[in-house]
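Hello,

Here is the structure I promised to send over. Please have a look at it, then read my notes below.

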Amino acid sequence: MGSEVYEFQVEMTCEGCSNAVKRVLGKLEGQGVNTVSIDLEKQRVYVNSSLSSAQLLETIKKTGKSCSYIGVKSS
């Protein structure tokens, strides 16, 4: 399975929130997660990964932040 760029909406109000998201997803680097980019202003997280959106959403939920899967980002 190839990698896709998944887009998630995550309730982040500060840099600490975005760092928490980066931290939990960072644990999956080398295990299916290639890159993580965060747009704090739009409360969006973009994950380039070969993992499923469900696996990534469950990982993001570990931060305790309200989050939802939006879809695969079109290029």
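In which sense do β2 and β3 pair, and over how many bridges? They are antiparallel, with 6 bridges between them. One residue pair to look up: Ile-38 has Val-45 in β3 as its bridge partner. Keep in mind that this is a predicted model.

**The sheet**

The sheet is open and has 4 strands. Their order is β2-β3-β1-β4, with antiparallel pairing. β2 and β4 (67-72) are the edge strands, and each pairs on one side only. On average, neighbouring strands are turned by 25 degrees against each other, direction ignored.

**Helix α1**

α1 covers residues 15-26, which is 12 residues. At 1.5 Å a residue it should span 16 Å, and its end C-alpha atoms are indeed 16 Å apart, so the two agree.

Which residues of α1 are buried? They are Cys-17, Ser-18, Ala-20, Val-21, Val-24 and Leu-25. These residues sit on the same side of α1, because they cover an arc of only 155 degrees around the axis. Glu-15 and Arg-23, on the other side, are exposed.

What covers the buried residues of α1? The cover includes β1 (4-10), β2 (33-39), β3 (44-49) and α2 (53-61).

**Helices against strands**

α1 lies across β1, β2 and β3. Its direction is at about 175 degrees to β2. α2 lies across β1, β2, β3 and β4. The angle between α2 and β1 is about 35 degrees.

Best wishes

How values were computed
Residues numbered from 1 in each chain as written. Predicted model: local features only at pLDDT ≥ 70, side-chain atom pairs only at ≥ 80, totals over all residues. Heavy atoms only, no water. Helix = DSSP H or I, 4+ residues; strand = E, 2+ residues; numbered from the N terminus. Expected span 1.5 Å × (residues − 1). Buried < 20%, exposed > 50% of the residue type's maximum accessible area, 1.4 Å probe, protein only. Arc of directions from axis to C-beta. Contact = heavy atoms within 4.5 Å. Pairing = 2+ DSSP bridges. Axes fitted to C-alpha atoms, helices over the stretch in contact; angles between N-to-C directions.
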